[in-house]
Amino acid sequence: MRRLFHFHQWDAENFGKMIFIFIIGLSAYLLLSLPQVSVAKIAYSISLGLAIAAFLVNHSRFKNSLSSVSVLILLFVGLYYPVDLEEIEELYILLPFIYLSVHPGSFYPIVISVLLTSAYFPSIDAHELSDVIEDIIELVVITSFATVMVYFQQKSLRQMHHFRSESYTDYLTRLPNRKKFMEHMYELKSETTLGELQHHFALLIVDLDGFKKINDQLGHIYGDQVLRMVADRFAKLVDRHCYAYRIGGDEFAFILDDSPKLLQSKAESLAQKVLTLCQQPYTLLNKHYTVTASIGIASYPTDASEIEILCSNADMAMYRAKYAGKNNFSFYDNQLMEELVKRHELENDLKQAILRNELFLLYQPKVCLTTGKFYSAEALIRWRHPKYGLINPAEFINIAEESNSIIEMGLWVMSTACAQLMLWREHYDFRCIAVNVSSVQLQQTSFCQDVLAILTEHQCPAESLEIEQTESWIMDNPALNIAVLNKLKHIGVRLSLDDFGTAYSSLSQIGRLPLDILKIDKSFIDHCVEKQNDHMIVRTIIQLGHNLGMKIVAEGVETEAQRQLLQQEGCDEYQGYLFAKPLSVEEFELKLIQQKQLATSN
């Protein structure tokens, strides 16, 4: 793995190496210059060689073993091949510094200096004892002073490295943080700038889907616990080519450094692994919670030659994955910029769409399977943009929810639908209008009061308004959301569960819901005639709903065979292209007129 701080490390590490080389070189010169037999010189050479080996190895046990043998050889030579006291004084003052370089920060050199004083013993008879003691004290004191100084220098160096490491480490997850993330990318870029082989690397930005819900429901303590579990899973993906970071909140990042030919396939493989790890359940308070991820991928230098732009491009790709339904990944491409520009434009224009009369409603009849007549309909919003024409609801509804424009838009839909309902009730046998309500609206504390105000304004009976909500919203937080439904039920409106069967809701929860209507999702209707499993699911939903006292409505009926099967199974109503596509006010009113004329003629 590359060292991210090698420019900072050079001063301490390389200066220490230079000092060691100088001391080894000088010691070798002095030792080999002594007037001793060749055996002693060979022993000295072996001792210095072992000291060099100890300096180079990183394994502490090998380092200690090599340096110990090196010292023993010096002791042996000093005792059995004595030299003059003056030569010992010049030479042995350097030897402890060799081991000070081998063991910086330890007190071994002091012990070694004491042991080396044994070389003075053969000289005691030939010299004054005072001279020997003076040399011994000088050797031990100088070594001790140098050892203590190096000890505190190493201690300060360790603290500096610790503080530096902490400044580059996320306190919660212990992954490298945003600061280290940015520095790593700039280093990879700088190596290219300095003329080295150009680095190609992929940047993956990972944003957690559903984390905010856990944080809001369980609190920040359990939210932090989820982040730690996610980080532990991501840490398993780290290797010499892959680096993981937490760059803020519920956002993580990976840098994948590999050969250009393999980079895209390796990035895709890594993204798949991240998605798989993320969606594994998280156990909190003895319950299982699910968090998924949206991932954006951009490559250097293919997608950007500047780090800031690269990060921005990866972010854009991540948001495209999120807009596409989450739990997915997306690569950056040039088309993405055009999509985001359009999305930003739509978000701004959507705020003015109501005032500019660009929004309108279509109405799809709900047809009774017994009589073939319709007395209710579902109101569906549409947007005719002055520049882009008719915008797909799946596109602008997501934008409206994220920008909170859905709150004002939803109230406009409800008010417009109720006003139209009361106009039709004056002339036709028309009883109920259904409107889709976003989870963002239902989370507003004033929503029930807003519904009541709209009903009062248009003098619309509460039982004539049907509010449709999705199964997934209810399952997000059953206890809280059921309380919201109970408040709406108290007002008197009808409650419908849309897309039933797509969110794996618990049957025990369905029994607690104050619902009037279950709507079978189109995905089950599409193949209910051809596939026995889908047929059985449709039958089960119809029987379940009836047993709970609910009306059953089938969505997306397009063939006569589907209609007949639903009728045989006892379904109450259906809507779909078999009877009529979503109709304008004029087209829908024409249907009402035809039905009224047919009833009069009969």
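How many aromatic pairs does a search of the whole structure find? The search finds 16 aromatic pairs, where rings of Phe, Tyr and Trp (its six-membered ring) pair if their centres lie within 6.5 Å. The structure is a predicted model, in which local features need pLDDT of at least 70 and side-chain atom pairs count only at pLDDT 80 or more, while totals for chains, interfaces and linings use all residues. Residues are numbered from 1 along each chain as its sequence is written, and side-chain values use heavy atoms, with hydrogens and water left out.

## The chain as a whole

The secondary structure of the chain comes to 24 helices and 16 strands; these are DSSP runs numbered from the N terminus (helices H or I, at least four residues; strands E, at least two). Of its 602 residues, 47% count as buried, a term that stands for under 20% relative accessible area, against over 50% for exposed and partly exposed in between (1.4 Å probe, protein chains only). Among contacts with a separation of 6 or more, 68% come from residues 24 or more positions apart, contact being heavy atoms within 4.5 Å.

## A helix with a buried face

Helix α6 spans residues 108-116, and its buried residues are Pro109, Ile110, Ile112, Ser113 and Leu116. Seen down the axis of α6, these fall within an arc of 160°, so they line one face of the helix. The arc is that of the directions from the helix axis to the C-beta atoms.

## The five-stranded sheet

An open sheet is formed by five strands in the order β2-β3-β1-β6-β7, with mixed pairing; two strands pair if DSSP finds at least two bridges between them. Its edge strands, each pairing on one side only, are β2 (242-248) and β7 (328-331). From one strand to the next, the twist averages 20°.

At one edge, β2 pairs with β3 (residues 251-257) in the antiparallel sense over six bridges, and Gly248 stands opposite Glu251 in β3. At the other edge, β6 and β7 pair in the parallel sense over four bridges, and Gly296 has Ser330 in β7 as its bridge partner. The chain crosses from β6 through α12 to β7 in a left-handed β-α-β crossover; a right-handed one would run clockwise from the first strand over the helix to the second, with the strands pointing away from the viewer.

Two helices lie across strands of this sheet. Helix α11 (residues 260-278) lies across β1 (201-209), β2, β3, β6 (292-300) and β7, at about 165° to β6. Helix α12 (residues 307-323) lies across β1, β3, β6 and β7, at about 145° to β6. Axes are lines fitted to C-alpha atoms, for helices over the stretch in contact, and angles run from 0 to 180 degrees between N-to-C directions.

## Aromatic pairs

Two of the pairs are set out below; planes under 30 degrees apart count as stacked, over 60 as edge-to-face and the rest as tilted.

| Pair | Type | Centre to centre | Between the planes |
|---|---|---|---|
| Phe234 and Phe254 | edge-to-face | 5.2 Å | 65° |
| Phe430 and Phe588 | edge-to-face | 5.6 Å | 85° |

Phe234 lies in helix α10 (residues 220-235) and Phe254 in strand β3, so this pair ties together parts 20 residues apart in sequence. Phe234 is buried at 1% relative accessibility, and Phe254 is buried at 0%.

Phe430 lies in the loop between α15 (405-425) and β11 (432-436) and Phe588 in helix α24 (residues 585-601), so the pair ties together parts that are 158 residues apart in sequence. Phe430 is buried, with a relative accessible area of 2%, as is Phe588, with 0%. Ring pairs also link Phe430 and Phe588 into a cluster with Tyr363, Phe374, Trp424 and Phe579.
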